[in-house]
Amino acid sequence: MDGKTQMLDSCKFIKTILMLTVIFGHGIAYWSGDWFIGTPRMPAPPLKLLFGWIGAFHTYGFALTSGYIFAFKMRSNVI
């Protein structure tokens, strides 16, 4: 496996991890009370902190990694 393929595989792995954090972040948003107007029946304040931390990077990192993979494929004429 050459260096470019290995680098692209690493980016795909990072993209997968970030995709899972997006799913996890949306899952805990309900229990943090930030998903809708009102409060959940059983609020979980620690999840609110975790949701804030995950929200600081998950969407931006996912978009950055996806854009990098797209640009890499465009420059390599893979698409």
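1. T65 is buried, at a relative accessible area of 10%. The model is a predicted one, and T65 is a convenient residue from which to read it. Buried here means under 20% relative accessible area, so T65 at 10% falls in that class. T65 belongs to helix 3, which spans residues 58–75.

2. The side chain of T65 has a polar partner in the backbone. One of its polar atoms lies 2.8 Å from the backbone oxygen of G61. Setting aside neighbours within four places in sequence, T65 contacts C11, I14, K15 and L18.

3. One of those contacts, I14, deserves a separate point. I14 is in contact with T65 and sits in helix 1, residues 3–32. I14 has a relative accessibility of 43% and counts as partly exposed, whereas T65 is buried. The reason is the cut-offs: 43% lies between 20% and 50%, so I14 is placed in the intermediate class.

4. I14 is also one of the residues of a nonpolar surface patch. The other members are F13, I17, M19, L20 and I23, and the six residues named together have about 590 Å² of accessible area. I14 therefore appears twice in this note: as a partly exposed residue of the patch and as a contact of T65.

5. A second set of contacts involves M7 and F72. M7 lies in helix 1 and F72 in helix 3. Not counting residues up to four places away in sequence, M7 touches Y68 and F72. With the corresponding neighbours left aside, F72 is in contact with K4, M7 and L8.

6. How exposed or buried are these two residues? M7 is partly exposed, at 37% relative accessibility, and F72 is buried, at 16%. The value for F72 is under the 20% cut-off, so F72 is classed as buried; the value for M7 is between 20% and 50%, so M7 is not.

7. The backbone distances for this region join residues far apart in sequence. The C-alpha atoms of M7 and I69 are separated by 9.8 Å, with their positions 62 residues apart along the chain. For F72 and L8, which are 64 residues apart along the chain, the C-alpha separation is 8.1 Å. F72 and L8 are also in contact.

8. Aromatic pairs are few enough to count: the total is two. One of them is formed by W53 and F57, with ring centres 5.1 Å apart and planes at 70°, an edge-to-face arrangement. W53 is exposed, at a relative accessible area of 55%. F57 is partly exposed, at 30%. The 55% of W53 is over the 50% cut-off, so W53 is called exposed, while the 30% of F57 is below it and above 20%, so F57 is called partly exposed.

9. Some overall figures put these residues in context. The protein has three helices and zero strands, in the order α-α-α along the sequence. Of its 79 residues, 22% are buried; T65 and F72 are among the buried ones. The accessible surface is about 6000 Å², and carbon and sulfur atoms account for 70% of it.

10. The contact statistics can be read beside point 7. Taking contacts between residues at least 6 apart in sequence, 57% join residues at least 24 apart. The contact of F72 with L8, residues 64 apart along the chain, is an example of such a pair.

Key:
Residues are numbered from 1 along each chain as its sequence is written. This is a predicted model: local features need pLDDT of at least 70, side-chain atom pairs count only at pLDDT 80 or more; totals for chains, interfaces and linings use all residues. Side-chain values use heavy atoms; hydrogens and water are left out. Helices (H or I, at least four residues) and strands (E, at least two) are DSSP runs, numbered from the N terminus. Buried means under 20% relative accessible area, exposed over 50%, partly exposed in between (1.4 Å probe, protein chains only). A polar contact is a pair of N or O atoms within 3.5 Å; within protein, one must be able to donate a hydrogen and the other to accept it, and residues adjacent in sequence count only if both atoms are side-chain atoms. Contact means heavy atoms within 4.5 Å. Rings of Phe, Tyr and Trp (its six-membered ring) pair if their centres lie within 6.5 Å; planes under 30 degrees apart count as stacked, over 60 as edge-to-face and the rest as tilted. Patches are made of residues with over 30% relative accessible area and no salt bridge: like charges are joined within 9 Å, nonpolar side chains (Val, Leu, Ile, Met, Phe, Trp, Tyr) within 5 Å. Accessible areas come from the Shrake-Rupley method with a 1.4 Å probe; for residues, only the protein chains shown count as cover. A salt bridge is a side-chain nitrogen of Lys or Arg within 4 Å of a carboxyl oxygen of Asp or Glu.
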